[in-house]
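Let's walk through this fold together, beginning with a charged side chain and then working towards the interior. Here is the structure to keep beside you as you read.

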Amino acid sequence: MSDVKYTPMPLEPPPSYETTASIPPRSPATKGPLQRAPLPLDLPFLSSIQGRRIILASASPRRRQLLAQVGFSSLSVIPSTVPEAFSKTLSPFEYVLQTATQKAMTVYSSQIDSPEGEPALVIAADTVVVSPRGQILEKPRSETDHIAMLKGLRDSVSHKVYTAVVVMAPLSSARDPGYALESTVEETTVKFGSDISDELILSYVKTREGADKAGGYGIQGIGALLVDRIEGSFDNVVGLPLRPTLALIEKVLRPDEDLVDEFAEAEEDE
């Protein structure tokens, strides 16, 4: 199929790829009575940090929305300002894990002596899309790059999405290094529809929905039109696997209990 020719640009061109990520999402118009949000999860480890300072070390509105679904509605959003300069020669697993760890450590270190108080929890994440050849695809650099990226994903059999999550919390004990850190990397396989036309890809690119997203598409929005099926976690593709994230939060909030268990096991071995 030949490439679809560009249509004339509209009178008000869409934002550039450099500015798209900083534009807040529009608030949808509401009609009729508002639906009440569900009550937060009633879990002991979440109740222990209720009302305390929780930091999301990411500017992603999608991650913030996902965390709000499980009760984290009053997050402090403090993105890391350190450039993500890790080599793309690393494996996708190592790349996302090192990037997410750097984000968490940087923000935690900058906020530990903050006038706003020590954070009870810092959550960081990084997501990459990986082509069948192992190429790490992050956010598209331009419209041309965006189109080529989506065509490549369509023409491949499938691709992988990796999200690393790192959670940090201060320790109440004097254990070195003074904080607990837990991490995980989740993988999801995504298959685009083989019958997706160049025209649909171009039309999607023009919406700019995928301009600020790894791989150039948002599965939770219009980008769902491109996806035929997935194997694995849906919210991992969105940018934050919720169930593994909750498991990490529970683990970092109970590190002293783990230490007691370790001592008990050591005594039994003796």
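A good place to begin is K206, which is partly exposed at a relative accessible area of 25%; buried here means under 20% relative accessible area, exposed over 50%, and partly exposed in between, using a 1.4 Å probe and protein chains only. This is a predicted model, in which local features need pLDDT of at least 70 and side-chain atom pairs count only at pLDDT 80 or more, while totals for chains, interfaces and linings use all residues. Residues are numbered from 1 along each chain as its sequence is written, and side-chain values use heavy atoms, leaving out hydrogens and water.

The side chain of K206 forms a salt bridge with that of E143, at 3.3 Å from N to O; a salt bridge is a side-chain nitrogen of Lys or Arg within 4 Å of a carboxyl oxygen of Asp or Glu. E143, at 15% relative accessibility, is buried. K206 sits in helix α5 (residues 198-207) and E143 in helix α4 (residues 143-155), so the pair links parts of the chain 63 residues apart. Helices are DSSP runs of H or I with at least four residues, strands are runs of E with at least two, and both are numbered from the N terminus.

The helices α5 and α4 are also tied together by D198 and K151, 47 residues apart in sequence, whose side chains meet at 3.8 Å, N to O. Here D198 is buried at 6% relative accessibility, and K151 is buried at 16%. Elsewhere, K160 of strand β5 pairs with E187 of strand β6, with 3.1 Å from N to O. K160 is partly exposed at 29%, as is E187 at 41%. Salt bridges that share partners also join K151, R154, D155 and D198 into one network.

Now for the interior. The largest nonpolar core has 48 residues, and F72, L121, I123, F192, Y217 and I249 touch the most other members; such a core is a set of buried Ala, Val, Leu, Ile, Met, Phe, Trp, Tyr and Cys residues joined through side-chain atoms within 4.5 Å. Helix α7 (residues 242-252) gives the most to this core, namely five residues. A second, separate core of 18 residues includes V128, V130, A164 and V166.

Finally, the whole protein: eight helices and seven strands make up its secondary structure, and 42% of its 270 residues are buried.
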